[in-house]
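Reader: I am in my first year and still learning to read models of this kind. Could you take me slowly through one part, and then show me how to look at its surroundings with the same care?

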Amino acid sequence: MRLLRYIAGRLLLLLPVLFGTSVLIFLLLRLIPGDPAAVILGLRATPERLAIVREELGLDLPIHLQYGQWLGKVLRGDLGKDFRSNEAVTDLLSVRLPVTIELTVLALGMAIAVAVPLGIRAAIKPGGLADRGSMLLGLFGISIPDFWLGIMLILFFSLALRMFPSSGYARLHEDILVNLRSFFLPALTLAVGLSAVLVRVTRSAVLEVMERDFVKFLRAKGLRERLVIYQHVLRNASIPIVTVIGLQFGYLLGGAVIVEEVFSLPGVGRLIVSATLERNYPVVQAGMLVVAFMFILVNLATDVLYGLLNPKIRGGGA
Amino acid sequence: MSLQKEQVHDFIKKYSEERISRRQFLQAVTTVGGVAVAQSMMPGFRLATALAQGSPKSGGTLVAATIDKPVNMDPAFAELYSSMQVYQNIFSKLVNLDRDNNVMPGLAKSWQQIDDSTWEFSLVDNAYFHNDEHCTANDVKYTFDRLFSPDLGAPNAVFFTPLEGVEVVDDYTFRIITQPNWGGLLEALGAFAEVVNQKAIEENDPKLLPIGTGPFKFVQWVKDDFIELERWDKYFKPSQPYLDKVIFRAISDDTVRLTGLQTGELNWIEQVPLHRADELRANADVKANPDGEFFPDMFLINCSKPPFDKVEVRQALQWALHRESIANLVWFGQATPSAEPVSPSNPWYSGANVYEGGPDIDRAKALLAQAGYEDGLTIRYASQPQVPTQPLVGQLLEQQLAPAGFRVEVESFESARWFEELFTLNYEITGTYWSATADPGEHCLYPLSHSASPWNFSAFRDSPELDQALEEFRFTLDPEARQNAFNNVVRLHQESSPQVFQVNFKRTYWTQPNVHGAQTLPTLELRMEDVWIDA
């Protein structure tokens with residue numbers, strides 16, 4: 001019951017946060033230089049045409065009216081239309097969100113599957129093979145840029161071994177195997193960087209907990225080492241790990257731009273970046289709002305997980 | 001003349017008079033064993049290449065990867081080259097231009113000039129739009145009425161400013177009325193006039209759902225992913241297209257695109273990494289198709305304010321510029337230096353260069369001193385990082401122009417900001433490319449340099465002589481006189497230098513070895529109706 005009240009309270013907080021975010025995005029977009037009409041007309045613009053297009057887009061109105069009109073539409077479920085193609089922004093997002101979410105989930109899944117066990121092993125035997133491996137993965141993952149790694153993986157797995165496609169994707173409902181094959185390399189590219197962070201965090205969190213008195217007590221009590229690690233140490237070490245996973249998940253939802261670009265995946269990050277370059281206001285505003293909303297939801301889920309992992313937190317006792 | 005030569009000569013005559021098709025011509029020449037003879041008589045015609053490709057075969061799906069993604073399928077807007085690459089396969093034009101700028105029949109099977117301002121065209125009677133509407137002269141009239149509608153504000157109208165109207169004579173005959181002696185009508189029709197259907201335009205959003213009479217009809221567009229086109233069975237050329245389906249994808253990374261071609265995921269790609277082009281030409285796994293230099297790269301110069309308001313400064317820039325270095329270091333040899341919008345391989349090439357013998361640093365210094373910049377000057381070069389060659393050109397300019405006294409500051413603007421710099425005339429010098437070599441005087445020099453042109457982004461209005469030469473060029477019908485007028489325009493343009501042409505990029509389309517018929521055209525359209533796959 002207390003947990004439900006906690007979740008409801010956090011959900012209520014969503015409204016002012018989203019409102020603030022929308023104002024910020026709206027203002028920031030209009031503060032940066034660059035004219036959407038100029039981009040739409042390109043080199044073929046004339047002063048007269050620029051004025052007409054600005055009027056058509058409502059850009060000649062005072063900024064507060066522009067915001068009011070946009071917010072009114074958003075509250076009615078209308079996120080606007082792409083300035084260039086006239087396509088509904090909801091349609092654009094509905095195609096891209098599943099791509100980004102799948103990419104993020106797969107990358108996180110791969111990273112967790114490798115980094116968490118490796119981090120634990122590294123903490124159990126500092127200086128051992130797993131510890132050295134985790135160090136190597138940490139260095140490798142953090143220092144290698146995504147775009148380079150992505151292209152190297154394409155050259156190796158696509159060109160040399162012909163195991164995975166070099167670009168593009170198939171939708172999940174069309175063919176799950178083709179879908180997973182097409183997502184493997186992009187997800188792996190992202191997962192390497194994520195694993196680097198996650199393995200280091202896991203190792204240090206587990207190490208820290210293992211030095212606490214209660215662990216010594218459990219061991220002295222004769223509890224098997226496996227139970228000590230997986231039932232007690234890991235549970236206590238999980239808060240920083242969950243925090244990092246939550247943050248990375250939120251970050252990836254809007255930010256896997258480079259990987260999306262290299263592998264030509266139609267994701268949200270790529271959409272927002274190209275729309276920002278074109279000053280395609282409705283797309284950027286809606287895209288950012290959706291990403292912000294999801295980021296907040298992921299944070300909420302992370303907080304709820306904290307509560308489940310440590311009851312003191314949901315009671316406000318932490 | 002031997003019998004064989006006479007026969008070949010006869011075939012060439014028939015072909016050039018459009019009495020036989022290219023395919024019939026090739027078959028006839030091959031039959032009489034006159035390939036070498038024909039080649040010697042028609043050096044401009046890539047006969048050997050055409051014959052080496054064999055007979056077209058029907059069927060198959062071609063997956064093509066362009067660099068940029070399309071944004072708008074309405075041909076009145078010609079928004080981004082990447083959009084045109086796709087929709088030009090969905091729509092048909094009245095006439096088409098071949099690799100040598102020859103005007104070939106399209107929807108119009110024949111035409112004649114009635115007087116100095118009237119042209120009469122006959123349409124084919126078997127063309128259907130993809131919504132099953134019959135294509136008639138009324139559609140042609142609607143296309144131009146729509147193009148000139150002030151409500152639409154179509155950017156492409158700028159190419160047809162001397163066109164005064166279209167008169168329908170009957171279902172398959174219409175007349176185009178122009179200002180007297182407009183010499184650029186056919187080239188403009190071949191480059192920019194896709195015929196649309198009123199019902200289709202009014203029933204759907206043409207930006208998203210294009211309906212034309214072209215060889216392929218639109219099936220679906222998954223944004224940022226692919227566009228699917230399929231063969232239009234009622235295409236007015238019964239034997240074409242050869243492909244069942246074309247899928248366009250946009251892959252921005254050169255290496256990823258090339259890998260896709262090498263692994264067989266893609267059949268056709270737009271460009272390979274420039275530094276690998278020569279090596280790949282010798283590679284049997286991929287095929288470089290007949291290429292062409294139809295993409296002039298240039299500097300736009302802001303002539304409205306110091307320092308480039310003085311012609312001496314612009315001329316000093318011309319004298320200090322080393323085009324060969326740009327072609328070799330930035331373009332890895334995949335571009336030809338040229339001081340005009342076209343390169344020597346183009347029929348329009350004038351060969352004029354008032355800066356012949358450059359770079360000449362002493363002359364550049366003297367001109368700067370004459371302009372009052374004895375101690376040199378600092379100039380700002382605005383580049384767009386999303387066009388990878390532009391920042392490189394900027395770096396090269398820093399070194400090339402320094403001995404003459406130019407201190408170049410390279411600025412970097414993403415596209416929205418760059419356009420703003422351009423339109424507000426805040427820039428000093430910037431780089432851009434153009435794609436108008438089907439008629440470089442009409443489609444490139446006139447819009448960019450005439451004082452009354454809305455596209456005169458250089459704000460150059462100091463040369464009544466150049467204006468007059470451009471007008472003379474535009475309103476000259478005789479081809480030879482037109483070429484002479486073009487040569488004069490080029491010379492005057494070089495003297496005043498509101499833009500400075502650097503190089504002409506060699507555009508090559510790369511395919512798998514079993515893909516035939518792909519070639520680079522002056523209009524830069526990807527004419528997929530000519531492409532076939534050898535299974």
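How many helices and how many strands are there in chain A?

Author: Before anything else, please keep in mind that this is a predicted model. Chain A has 14 helices and zero strands, and if you follow the chain from the N terminus, every element that you meet is an α element, from the beginning of the run to its end. Taken along the principal axes, the C-alpha atoms of chain A fill a box of roughly 85 × 55 × 35 Å. Of the 318 residues in this chain, 38% are buried. If you consider the contacts in chain A between residues at least 6 apart in sequence, you find that 70% of them join residues at least 24 apart.

For a close look at how two of these helices meet, take α5(A), which covers residues 89-124, and α13(A), which covers residues 281-309; their axes lie 10 Å apart and the helices pack at an angle of about 50°. Because angles from 35 to 65 degrees fall outside the parallel and perpendicular ranges, α5(A) counts as oblique to α13(A). The crossing in which α5(A) passes α13(A) is right-handed. On the side of α5(A), the contact is made by A:Val89, A:Leu92 and A:Leu93, while α13(A) brings A:Pro282, A:Val283, A:Ala286, A:Gly287 and A:Val290. Sorted by class, the residues of this contact are seven nonpolar and one polar, with no charged residue among them.

One residue of chain A deserves a pause for its backbone: A:Arg162 has a phi near 55°, which is a positive value in a residue other than glycine. You will find A:Arg162 in the loop that runs between α7 (146-160) and α8 (176-210) of chain A. With 13 other C-beta atoms within 10 Å, A:Arg162 is partly exposed.

Now let your eye move to where the chains touch, a contact that takes 39 residues from chain A and 34 residues from chain B. On the side of chain B, the elements β10 (245-250), α9 (254-263) and α15 (415-423) each supply at least two residues. By class, that side of chain B has 13 nonpolar, nine polar and twelve charged residues.

Chain B also offers a pair of helices that you can set beside the pair described above. The axes of α11(B), residues 311-320, and α13(B) come within 8 Å and cross at roughly 165°. Since angles over 145 degrees count as roughly antiparallel, α11(B) is roughly antiparallel to α13(B). This crossing of α11(B) and α13(B) is left-handed. Among the residues that make the contact are B:Val313, B:Ala316 and B:Trp319 of α11(B), together with B:Ile361, B:Ala364 and B:Leu367 of α13(B). The contact of α11(B) with α13(B) has eight nonpolar, two polar and two charged residues.

Next comes a sheet. Strands of a sheet pair through backbone hydrogen bonds, either parallel or antiparallel. In chain B, an open sheet of six strands has the order β14-β18-β13-β17-β15-β16, and its pairing is mixed. Its edge strands are β14 (335-337) and β16 (406-412), each of which pairs on one side only. From one strand to the next, the twist averages 25°. To follow a single pairing, look at β15(B), residues 377-383, which pairs with β16(B) in the parallel sense over seven bridges; B:Thr378 stands opposite B:Arg407, a residue of β16(B).

Finally, some loops of chain B repay a slow look at the backbone. The peptide bond from B:Gln240 to B:Pro241 is cis, with omega near 0°, and B:Pro241 is found in the loop between β9 (226-231) and β10 of chain B. A cis peptide bond also joins B:Gly358 and B:Pro359, with omega at about 5°; B:Pro359 belongs to the loop between β14 and α13 (361-370) of chain B. In the loop between α18 (479-496) and β18 (499-507) of chain B you will find B:Ser497, which has a positive phi of about 50° although it is not a glycine. B:Ser497 is buried, with 25 other C-beta atoms within 10 Å, whereas A:Arg162 is partly exposed.

How values were computed: Residues numbered from 1 in each chain as written. Chains lettered and ligands numbered in written order. Predicted model: local features only at pLDDT ≥ 70, side-chain atom pairs only at ≥ 80, totals over all residues. Contact = placed C-beta atoms within 7 Å. Helix = DSSP H or I, 4+ residues; strand = E, 2+ residues; numbered from the N terminus. Nonpolar A, V, L, I, M, F, W, Y, C, P; charged D, E, K, R; others polar. Axes fitted to C-alpha atoms, helices over the stretch in contact; angles between N-to-C directions. Parallel < 35°, antiparallel > 145°, perpendicular 65-115°, else oblique. Left-handed = near helix turned anticlockwise from the far one by under 90°. Pairing = 2+ DSSP bridges. Buried ≥ 20, exposed ≤ 12 C-beta atoms within 10 Å, placed from the backbone.
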